[in-house]
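This report describes how one protein chain is arranged, from its strands to the residues packed inside it. Please keep the structure in view while reading.

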Amino acid sequence: METTSRVGAQGAAPGTTSTSEATGTPEGVPAARRTVDGYLRASFPWYGLDEAFTGPRWLMQVGTSADGTVQHGAIGHGDEPSIRPDRLEAAGAEKERFAAVVTVAASPVRRSGDGTGVLDATSVSSAAWLAGSGLLAYTWPPQLDHSLRDDWLDQQTETAFELADDLNGPEWSTLSLPVDGVPLPFHYRESEFGWVLAGTTAAGVHLGAYGRGMSAYGLGFAVVRDITAYA
């Protein structure tokens with residue numbers, strides 16, 4: 001992928017590292033994601049579902065570069081998904097309805113703030129990768145034990161990375177959705193785990209989204225006016 005570097009499935013973007021708000025395994029995310037501090041440090045606008053969505057909204061996590069600059073983050077909508085196998089019953093998982101919106105700062109290739117290296121550029125592929133790996137964190141098969149889960153996650157993460165690197169490939173279709181009231185094209189794909197989409201906004205950020213139980217068709221995105229309302 002010319003504009004991204006592959007990372008683990010915890011949701012760090014190219015050239016970034018996770019903050020303390022995003023550390024640990026997916027099982028640790030809900031307890032840690034409540035702080036809004038990282039979101040307030042961002043120099044770019046955050047996006048979520050537009051006002052047509054009237055359900056619950058909640059903060060997830062942010063990712064930063066080595067110098068602490070916020071590079072991306074996610075906001076959840078709907079039911080908070082189950083991520084522990086002892087909580088994932090087939091019937092319950094099918095009833096869960098959620099969508100997460102990932103905002104990625106549009107950045108060129110640049111030197112890191114501490115002068116120790118070069119950070120990769122971000123692109124719509126970055127948003128697709130973060131959305132794809134984010135979906136995996138919530139959808140691993142409950143019948144797998146932890147030893148098998150690692151192998152499964154490695155395999156699926158590799159697939160998500162390859163798909164994000166080939167947005168013009170046969171796995172993707174085009175879906176037009178409103179962003180701040182203006183229809184924009186998104187790359188879109190479905191899988192047995194849910195759906196993923198990615199696109200670029202006129203506000204200088206890339207958007208990714210993923211969900212399960214909530215159709216992507218008919219969704220709309222808008223700038224979050226008050227991120228503290230999500231905490």
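## Strands 8 and 9

Serine 176 stands opposite proline 185 in strand 9. The model examined here is a predicted one. Strand 8, which covers residues 173-179, runs antiparallel to strand 9, and seven bridges connect the pair. Two residues lie between these strands in a hairpin, and aspartate 180 in the turn has a positive phi of about 55 degrees.

## Strand 10 and its two partners

Strand 9 (residues 182-191) also pairs with strand 10, again in the antiparallel sense, over five bridges. The connection is a hairpin with two residues joining strand 9 to strand 10. At this hairpin, serine 191 has glycine 194 of strand 10 as its bridge partner.

On to the next pairing: strand 10 and strand 11 (residues 205-212) are antiparallel and share six bridges. One place to look is alanine 198, which stands opposite glycine 208 in strand 11. The hairpin of strand 10 and strand 11 has four residues between the strands, and glycine 204 takes a positive phi near 85 degrees there. How many of the seven residues of strand 10 are buried? Six of them are, so strand 10 (residues 194-200) is described as mostly covered, given that buried means under 20% relative accessible area.

## The chain as a whole

The protein chain contains five helices and twelve strands. Of its 231 residues, 55% are buried. Its accessible surface comes to about 10,200 Å², and carbon and sulfur atoms account for 51% of that area.

Contacts can also be sorted by separation along the sequence. Among those between residues at least 6 apart in sequence, 63% join residues at least 24 apart.

## The nonpolar core

In soluble globular proteins, nonpolar side chains tend to be buried together. In this model, the largest nonpolar core has 61 residues, and those with the most contacts inside it are Tyr39, Trp46, Leu197, Tyr210, Phe221 and Ile227. Helix 4 gives the most to this core, contributing ten residues.

## Two residues of helix 4

Alanine 127 belongs to helix 4, which spans residues 124-139. Is alanine 127 buried or exposed? Its relative accessible area is 0%, so alanine 127 counts as buried. Leaving aside residues up to four places away in sequence, alanine 127 touches Val104, Ala198, His206, Leu207 and Gly208. Ala198 and Gly208 are the residues that stand opposite each other in the pairing with strand 11. Alanine 127 and leucine 197 are 70 residues apart in sequence, while their C-alpha atoms are 8.4 Å apart in space.

Threonine 139 is also found in helix 4. With a relative accessible area of 9%, threonine 139 is buried. The C-alpha atom of threonine 139 is separated by 10.0 Å from that of leucine 153, and the two residues are 14 apart along the chain.

## Histidine 206

Histidine 206, one of the residues touched by alanine 127, has its place in strand 11. Histidine 206 has 9% relative accessibility and therefore counts as buried. Which side chain makes a polar contact with the side chain of histidine 206? The partner is threonine 200, at 2.9 Å.

Not counting residues up to four places away in sequence, histidine 206 touches a set of residues that includes Val102, Thr103, Val104, Ala105 and Ala106. Also among them are Thr122, Ser123, Val124, Ala127, Gly199 and Thr200.

## Aromatic pairs

A pair of aromatic rings is described by the distance of the centres and the angle of the planes. A search of the whole structure finds five aromatic pairs. For phenylalanine 98 and tyrosine 210, the ring centres are 6.4 Å apart and the planes meet at 80 degrees, so this pair is edge-to-face. Because phenylalanine 98 lies in strand 5 (residues 98-105) and tyrosine 210 in strand 11, the pair ties together parts that are 112 residues apart in sequence.

Phenylalanine 98 is buried, with a relative accessible area of 1%. Tyrosine 210 is buried as well, at 4%. Elsewhere, ring pairs link Tyr39, Phe44 and Trp46 into a cluster. Of these, Tyr39 and Trp46 are listed among the residues with the most contacts inside the largest nonpolar core.

Key
Residues are numbered from 1 along each chain as its sequence is written. Side-chain values use heavy atoms; hydrogens and water are left out. Buried means under 20% relative accessible area, exposed over 50%, partly exposed in between (1.4 Å probe, protein chains only). Contact means heavy atoms within 4.5 Å. A nonpolar core is a set of buried Ala, Val, Leu, Ile, Met, Phe, Trp, Tyr and Cys residues joined through side-chain atoms within 4.5 Å. Accessible areas come from the Shrake-Rupley method with a 1.4 Å probe; for residues, only the protein chains shown count as cover. Two strands pair if DSSP finds at least two bridges between them. A polar contact is a pair of N or O atoms within 3.5 Å; within protein, one must be able to donate a hydrogen and the other to accept it, and residues adjacent in sequence count only if both atoms are side-chain atoms. Rings of Phe, Tyr and Trp (its six-membered ring) pair if their centres lie within 6.5 Å; planes under 30 degrees apart count as stacked, over 60 as edge-to-face and the rest as tilted.
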